[in-house]
Amino acid sequence: MSIRGGIQPNQVYNESLCEVAYDLLSQGKTIARVATALKVKRKTIYEWLNKHPEFADAFELGKDACQAYWEDRGEAGTFGEYEKFSAASWIFTMKNRFRDDYKDDKSDSKDVTDIVSKLIDKLVE
């Protein structure tokens, strides 16, 4: 089955795709963009990540480069290099795309709540 313009889905994996994936990610693109450029489903990307260590390595490096790309954009916007920089939009992007590094850490408030609950339990005993 072909889709628009005769593009065939389910491209066969080869190592040259590692470079394509890395290049796109390092330009700030999403996994969906990588899949589209490679003419595969997102599911196929995840299968390749599990099956081909060299693809997984390129992808991991690309994701780090992607985050660096967006951090550079945020820094440039913060220092006035973009006329219409939206800090709110940038923060939203960072918190959602790079959660491990940009999530709001709620663990401190949970720890305090746990401590208070334990103290109350002790007082009630």
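Which residues does Gln 67 touch, not counting residues up to four places away in sequence? In this predicted model, local features need pLDDT of at least 70 and side-chain atom pairs count only at pLDDT 80 or more, while totals for chains, interfaces and linings use all residues. Residues are numbered from 1 along each chain as its sequence is written, and side-chain values use heavy atoms, with hydrogens and water left out.

Gln 67 touches Met 94, Phe 98, Asp 101 and Tyr 102, a contact being heavy atoms within 4.5 Å. Gln 67 lies in helix α4; helices here are DSSP runs of H or I with at least four residues, numbered from the N terminus. Gln 67 counts as buried because its relative accessibility is 14%, the limit being under 20% relative accessible area with a 1.4 Å probe and protein chains only.

Turning to the interior, the largest nonpolar core has 18 residues. Such a core is a set of buried Ala, Val, Leu, Ile, Met, Phe, Trp, Tyr and Cys residues joined through side-chain atoms within 4.5 Å. Val 34, Leu 38, Ile 45, Trp 48, Phe 55 and Phe 59 have the most contacts inside this core. At least two residues of the core come from each of α1 (16–26), α2, α3 (42–51) and α4, and α1 gives the most, with five. Leu 38 touches Gln 11, Leu 17, Val 20, Ile 45 and Trp 48, again leaving aside residues up to four places away in sequence. In soluble globular proteins, nonpolar side chains tend to be buried together.

Methods. Buried means under 20% relative accessible area, exposed over 50%, partly exposed in between (1.4 Å probe, protein chains only).
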